[in-house]
Amino acid sequence: SGQICSTNGIGQAPPTGASGSSNSTMDCCLLRPLTQLGPFFGPGQASGQNLLINGSFEFPNTNGTTLGYAYFPSGSTNIAGWTTFLNGVEYGDISESQDGIHQIYLGVAEDGSYHIDLDPLHYSGGGIQQTFPTVAGTAYSVSFYMGNVVYQGRDGTGTLSVSAANVTNSFAFTNTQAFAQWGARSFNFTAVSNSTTLSFWSFDNSDQHFSLLDNVSVTLLQSG
């Protein structure tokens, strides 16, 4: 499976307000200083350098998680550099747990230890976004990994949508195994201002699907 559609000229993520309420809350975790998360490059950074903070979701790490799991509702900034929207995301170490209750080994993250799931269980719609510096008229490349696994009624299929500037794309990924697999996805966009918001979201049925995300990168698009 791979990209299922590509639409240019949309460029608007869903509203950043929650579309539902949650009876679960998470205490704010203690985050390391952003200087420890990697450099935050401004306009003019060298080609190949990631513009994003915490692109592999390694922070907050074990802070605020139970058995490697946490649910972060809409508006949370617990995942350093990112803000959740819609009904938030699930955050975890897939080698430890998928629900914070049952400790079971389902594989590993694509990069590092942690990943997110855009389909928080029992909610409809989850998302996460980050704003980063860009130069209007300059082309950039977005790359990321989608993941999935067959577990507790989830069938191993999942979709997500992603937008940056005036480009919106939808992607799909399928894994029929009870062990996490990951697949690379990418697209390009041209900045229209001095900052750009990269947004990921999914409206998959969370009782039937995972939409796992890891290792997100934005770099200058090399010419030639």
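# Briefing: an all-strand chain of 224 residues

Buried residues make up 50% of the 224 residues in the protein chain. The model is predicted. The chain has 14 strands and zero helices. Read from the N terminus, the elements run β-β-β-β-β-β-β-β-β-β-β-β-β-β. Among contacts with a separation of 6 or more, 77% link residues 24 or more positions apart. The accessible surface comes to about 9600 Å². Carbon and sulfur atoms account for 50% of that surface.

**Strand β10 and its partners**

- Strand β10 covers residues 157-164 and is mostly covered, with six of its eight residues buried.
- β10 pairs with β11 (residues 167-174) through eight bridges, and the two strands run antiparallel.
- Within that pairing, Thr 157 has Thr 174 of β11 as its bridge partner.
- β10 and β11 form a hairpin with two residues between the strands.
- In this hairpin, Ala 165 takes a positive phi near 55 degrees.
- β10 also pairs with β13 (residues 195-202), here through three bridges, and again the run is antiparallel.
- Ser 163 has its bridge partner in β13, namely Ser 199.

**Asp 214, a buried charge**

- Asp 214 sits in strand β14, which spans residues 212-220.
- Asp 214 is buried and has no salt bridge.
- The nearest side chain of opposite charge belongs to Arg 185, 14 Å away.
- A salt bridge needs the charged atoms within 4 Å, so Arg 185, at 14 Å, does not form one with Asp 214.
- Leaving out residues up to four places away in sequence, the contacts of Asp 214 include Gly 55, Ser 56 and Phe 57.
- Further contacts of Asp 214 include Ala 109, Glu 110, Asp 111, Tyr 114 and His 115.
- Phe 144, Tyr 145 and Trp 182 also touch Asp 214.

**Ala 139 and Ala 136: contacts across the sequence**

- Ala 139 belongs to strand β7 (residues 139-148).
- Ala 139 has a relative accessible area of 26%, so it counts as partly exposed.
- Ala 139 and Leu 220 are 81 residues apart in sequence, but their C-alpha atoms are 6.4 Å apart.
- Beyond residues up to four places away in sequence, Ala 139 touches Phe 189, Thr 190, Leu 220 and Leu 221.
- Ala 136 lies in the loop between β6 and β7.
- Ala 136 is partly exposed because its relative accessible area is 49%, which falls under the 50% cut-off for exposed.
- The C-alpha atoms of Ala 136 and Asn 194 are separated by 5.8 Å, with their positions 58 residues apart along the chain.
- Ala 136 touches Ala 191, Val 192 and Ser 193, again leaving out residues up to four places away in sequence.

**Backbone exceptions**

- Most residues other than glycine have a negative phi, and most peptide bonds are trans.
- Phe 59 and Pro 60 are joined by a cis peptide bond, with omega about 25 degrees.
- Pro 60 is in the loop between β1 (3-8) and β2 (69-72).
- Leu 86 is not a glycine, yet has a positive phi of about 55 degrees.
- Leu 86 is found in strand β3, residues 83-86.
- Leu 86 is buried because its relative accessible area is 3%, under the 20% cut-off.
- His 122, another residue other than glycine, has a positive phi near 75 degrees.
- His 122 is located in the loop between β5 and β6 (126-133).
- His 122 has a relative accessible area of 64%, so it is exposed.

**A nonpolar surface patch**

- Tyr 105, Val 108 and Phe 179 make a nonpolar surface patch of about 280 Å².
- Val 108 is in the loop between β4 (89-92) and β5 (115-117).
- Val 108 is partly exposed, with a relative accessible area of 40%.
- Patch residues need over 30% relative accessible area, so Val 108, at 40%, meets that cut-off.

Definitions and conventions:
Residues numbered from 1 in each chain as written. Predicted model: local features only at pLDDT ≥ 70, side-chain atom pairs only at ≥ 80, totals over all residues. Heavy atoms only, no water. Buried < 20%, exposed > 50% of the residue type's maximum accessible area, 1.4 Å probe, protein only. Helix = DSSP H or I, 4+ residues; strand = E, 2+ residues; numbered from the N terminus. Pairing = 2+ DSSP bridges. Patch = residues over 30% accessible without salt bridge, like charges linked within 9 Å, V, L, I, M, F, W, Y side chains within 5 Å. Areas by Shrake-Rupley, 256 points an atom, 1.4 Å probe, with all protein chains shown as cover. Lys, Arg positive; Asp, Glu negative; His and termini not counted. Contact = heavy atoms within 4.5 Å.
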